[in-house]
Amino acid sequence: MTADIDINGARLLGRLDQFAEIGATARGGVNRQALTELDREARSLLAGLAATRGFAVFQDPVANLFIRRSGRDDRAPPLLIGSHLDSQPAGGRFDGALGTLSAFEVLESLEDAGIETDRAIEVVAWTNEEGCRFAPGCMGSSAFSARAIPAEWPDFVATDGAVFGDELRETLEALPQAAMRDLGMPVHAYLEVHIEQGPSLEKDDIPIGIVTGIQGTRWLQVNVSGQTAHAGTTALSYRRDPLRAMISALDTLYSTVMPQDESARFTIGRIEVEPGAINAIPALARCTIDIRHPDPLAINRLNVTIEQCFRERAEAQRCEVLFKRSFDMPPATFPEKLLTVLERAAEGTGLATKRMVSGAFHDALFVNRIAPSAMIFVPCRDGLSHNEAEYTAPGHVVSGARLLLQSTIELAKG
Ligand code: GLV
Ligand code: MN
Ligand code: MN
């Protein structure tokens with residue numbers, strides 16, 4: 001059973017183009033990292049569009065942005081729909097923006113059709129989902145669900161040297177028209193549309209993925225320290241080379257972790273050395289490690305293996321190694337009741353679906369801790385995401401938003 005109303009596909013596709021201009025890269029992608037000037041520009045644009053439609057705009061202390069369309073019973077907890085507006089440094093046009101703008105399109109479509117809902121519907125753009133400028137990821141949704149900003153966050157330093165507390169304040173101040181509200185609130189349910197970021201829907205030629213859960217992620221920061229010394233005069237036996245230790249550990253881990261467990265994911269996204277002189281042995285080698293697995297025990301086991309391997313190789317080079325966990329996200333399972341709502345709505349809309357687990361993490365994982373949450377995936381060309389070439393066809397964009405609209409109408413009932 002579906003309501004006799006549709007989204008405005010042309011408007012949604014136009015909005016995606018409009019937002020993709022903010023931080024557009026030469027290769028057709030987007031670089032709009034969290035809490036930058038460009039992120040503020042995207043937030044302002046969305047807030048302005050909301051104000052034009054007469055929707056109320058709020059932000060909370062971690063700069064989550066909310067756009068509210070009132071319902072008949074305005075005291076009932078709202079239905080929340082949305083995603084994020086920040087991007088990877090070499091990101092695509094759809095990761096995050098698709099879900100946020102699809103949610104906004106749902107609000108506008110309801111407004112255009114003059115449909116009153118029992119409960120309020122709020123669109124949300126969560127702060128710093130990506131976690132690449134400031135770690136951890138999902139800062140906005142995790143602070144929202146914990147109703148607190150961890151005490152250490154304000155001092156966190158970004159990859160570009162900016163301080164989290166300063167960037168957060170400037171972002172909040174850049175939107176004075178948004179009324180301030182407290183962190184966290186009762187939420188009826190949360191829905192998020194997202195590009196799949198993997199190849200599974202495209203491979204099966206299915207337009208919609210119903211996400212049953214999200215695999216776990218852990219991020220480690222590894223610092224190996226040795227001794228900087230002259231490249232020309234320091235013989236092998238005198239060297240304490242942290243980069244050599246790191247490369248030796250990584251070589252072993254690359255050739256064992258994923259080859260031995262096809263559910264495991266092991267990624268080094270960043271390596272830095274100090275002082276970084278062509279003719280000096282580094283004093284310090286730093287890298288990030290991203291570990292993923294659907295089984296939380298496997299993540300613990302992998303973590304132990306990784307630390308042991310680094311310790312051995314550091315010792316062999318007379319170096320020291322330190323580990324810091326910057327993000328830990330156990331796997332999540334979405335409630336069956338919501339999955340059924342999505343599947344029924346898809347059936348009514350004539351859209352084929354398949355159930356799947358998300359390999360990427362999402363804000364829905366954190367919101368699911370305080371309210372039933374679920375996600376709708378649309379296909380991703382060649383499974384390529386966190387890449388400027390990320391793409392989903394216009395028809396898939398429209399299908400995802402259409403399903404979000406129908407599910408929203410169902411869940412907004414009193
Ligand atoms: C999200 O951006 C992820 O890295 O899974
Ligand atoms: Mn995303
Ligand atoms: Mn992403």
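Donors are here the N, O and S atoms within 2.8 Å of the metal, and because water is not among the atoms, sites may look incomplete. The model shown in these views is predicted.

**View 1. The protein donors around the manganese ion (ligand 2).** In this predicted model, the manganese ion (ligand 2) has His84 (NE2), Asp95 (OD) and His194 (NE2) as its protein donors, which lie 2.0 to 2.2 Å from the ion. Along the chain these donors follow the spacing H-x10-D-x98-H. Within this set, His84 belongs to strand E3 (residues 79–84), whereas Asp95 lies in the loop between E3 and helix H3 (97–113), the two being 11 residues apart. His84 counts as buried because its relative accessibility is 0%, and Asp95, at 7% relative accessibility, counts as buried as well.

**View 2. The coordination of the manganese ion (ligand 3).** Asp95 (OD), Glu130 through two OE entries, and His386 (NE2) coordinate the manganese ion (ligand 3) at 2.1 to 2.4 Å, and the spacing of the donors along the chain reads D-x34-E-x255-H. Glu130 is placed in the loop between strand E4 (121–126) and helix H4 (139–146), while His386 is placed in the loop between strand E17 (373–378) and helix H11 (394–411), so that the pair, 256 residues apart, links distant parts of the chain. Glu130 is buried, with a relative accessible area of 3%, whereas His386, with a relative accessible area of 41%, is partly exposed.

**View 3. The bridge between the manganese ion (ligand 2) and the manganese ion (ligand 3).** The two ions are 3.7 Å apart, and Asp95 bridges them by coordinating both.

Technical notes. Residues are numbered from 1 along each chain as its sequence is written. Chains are lettered from A and ligands numbered from 1 in the order in which they are written. This is a predicted model: local features need pLDDT of at least 70, side-chain atom pairs count only at pLDDT 80 or more; totals for chains, interfaces and linings use all residues. Side-chain values use heavy atoms; hydrogens and water are left out. Donors are N, O and S atoms within 2.8 Å of the metal (3.2 Å for Na, K and Ca); water is not among the atoms, so sites may look incomplete. Helices (H or I, at least four residues) and strands (E, at least two) are DSSP runs, numbered from the N terminus. Buried means under 20% relative accessible area, exposed over 50%, partly exposed in between (1.4 Å probe, protein chains only).
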